[in-house]
Amino acid sequence: MTGNHRNSSITRRRALAVTGGTVAAGGLAVTGYQSAFADTTEATATASATSTGACMTLMSSVTEGPYYLDGALVRKDITEGKSGVPLTLRLTVVDATDGCTPVKGAAVEIWHCDAWGYYSGYTTANPGGSAPAESEDGSTANDNTYLRGYQIANANGVVKFETIFPGWYTPRTCHIHVKVHTGGEKEDGTYEGGTVNYTGQLFFADEIAEEIFTLEPYAKHAGTYTELADDMVYDGGGASSGLLTLKAVHKADPSQGYKGSLSLAIDPDAENTGAGSGGGGTPPSGAPSGEPPSGAPSESASPSASASS
């Protein structure tokens, strides 16, 4: 992989344009999103989780990492025009303390880096290795909101997101951050109140991630990629540790996208602070302070018509 990293500040403000090992349950990502998941059997995920008569192990909680921001928008498509291999996520929230019954109304929040390792809100943080500046991606994504969002679980505990396959940053493996909230409500286009019951990360099989990273635009980020076995957060526990089930939309052409799925077995009565195991890692330079940057969306931000559920 080749590419030149420019360690320069981003001054532009672009307009918001929203136009696992062993696994337990799940599904995967997309070529053109529309054909991602047919809603034929929404109850299938719940049935598969309980078919053995015993519920799966509680998910392993880990650190929320240094890139969390409040005020993400409630929306299905979080790409905002960011380029990359399409990924459709289907996540099913179930109650591990009650026979894996679906947790209707749970708010699932995800956030992850773009194809070159940059997070919205922290676009000047060096992802390690050699990569173009985030401003060179050519998209119209909002620097403070791209690749972040909430979805509210339906009666079967299911949420779906349309996004792109994440890139990587030193010293972490490829991952997506996730929180499950209950007891709050949608307000002003975001999710307010309630309790965080689970903080975790979703992971990708090495062979799939490494193949993706040979494609454009990922190939412009050169450097040493951290495999699952060497990651500071992933503990090797398979699905209960966040390892996604992945399926290529077209086996012969990975650039057409993937479908990823997982059941998130939580305790809806538990509260999680986001300070779980694993340090989460920070880039070699320009590491964020953990506080939202100036201009980041606030909890009362008005998302406009682009925030769709």
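Select L147 to begin: this residue is buried, with a relative accessible area of 0%, where buried means under 20% relative accessible area, exposed over 50% and partly exposed in between, with a 1.4 Å probe and protein chains only. L147 sits in the loop between β3 and β4 (148-152), and its phi is near 60°, a positive value in a residue other than glycine. Helices (H or I, at least four residues) and strands (E, at least two) are DSSP runs, numbered from the N terminus. The model on the screen is predicted, so that local features need pLDDT of at least 70 and side-chain atom pairs count only at pLDDT 80 or more, while totals for chains, interfaces and linings use all residues. Residues are numbered from 1 along each chain as its sequence is written, and side-chain values use heavy atoms, with hydrogens and water left out.

Go next to E80, which also has a positive phi, of about 55°, although it is not a glycine. E80 is placed in the loop between α1 (44-50) and β1, and it is buried, with a relative accessible area of 1%.

**The whole chain**

Now zoom out and colour by secondary structure, which comes to 2 helices and 11 strands. Followed from the N terminus, the elements run α-β-β-β-β-β-β-β-β-β-α-β-β. Of the 309 residues of the chain, 56% count as buried. The accessible surface comes to about 12000 Å², and 48% of it belongs to carbon and sulfur atoms; accessible areas come from the Shrake-Rupley method with a 1.4 Å probe, and for residues only the protein chains shown count as cover.

**The nonpolar cores**

Select L91, V108, I110, F165, L202, F213 and L264, which touch the most other members of the largest nonpolar core, a set of 51 residues. A nonpolar core is here a set of buried Ala, Val, Leu, Ile, Met, Phe, Trp, Tyr and Cys residues joined through side-chain atoms within 4.5 Å. The elements that give two or more residues to this core are β1 (86-95), β3 (107-111), β5 (158-164), β6 (175-182), β9 (195-203), α2, β10 and β11 (258-266). A second, separate core has 14 residues, among them Y68, A72, V74 and Y169. In soluble globular proteins, nonpolar side chains tend to be buried together.

Stay with F213, which lies in the loop between α2 and β10 (245-248) and is buried, with a relative accessible area of 3%. If V85 is added to the selection, the C-alpha atoms of F213 and V85 prove to be 9.7 Å apart in space, although the two residues are 128 apart in sequence.

**Salt bridges**

A search of the whole structure finds 8 salt bridges, each being a side-chain nitrogen of Lys or Arg within 4 Å of a carboxyl oxygen of Asp or Glu. Select K76 and E162, whose closest N and O atoms are 3.8 Å apart in one such bridge. The pair links distant parts of the chain, since K76 is in the loop between α1 and β1 and E162 is in strand β5, 86 residues apart. K76 is partly exposed, with a relative accessible area of 30%, whereas E162 is buried, at 14%.

Move to E134 and K82, which form a salt bridge with closest N and O atoms 2.8 Å apart. E134 lies in the loop between β3 and β4 and K82 in the loop between α1 and β1, so the pair ties together parts that are 52 residues apart in sequence. E134 is buried, with a relative accessible area of 0%, and K82 is buried at 6%.

Then select D231 and R172, whose side chains meet in a salt bridge (2.7 Å, N to O). D231 is in the loop between α2 and β10 and R172 in the loop between β5 and β6, 59 residues apart, and the pair links distant parts of the chain. Both D231 and R172 are buried. Extend the selection to K82, D114, E134 and D137, which salt bridges with shared partners join into one network.

**Two cis peptide bonds**

Centre on T170 and P171, where the connecting peptide bond is cis, with omega near 5°; P171 is found in the loop between β5 and β6. A cis peptide bond also joins E216 and P217, with omega about 0°, and P217 is in the loop between α2 and β10.
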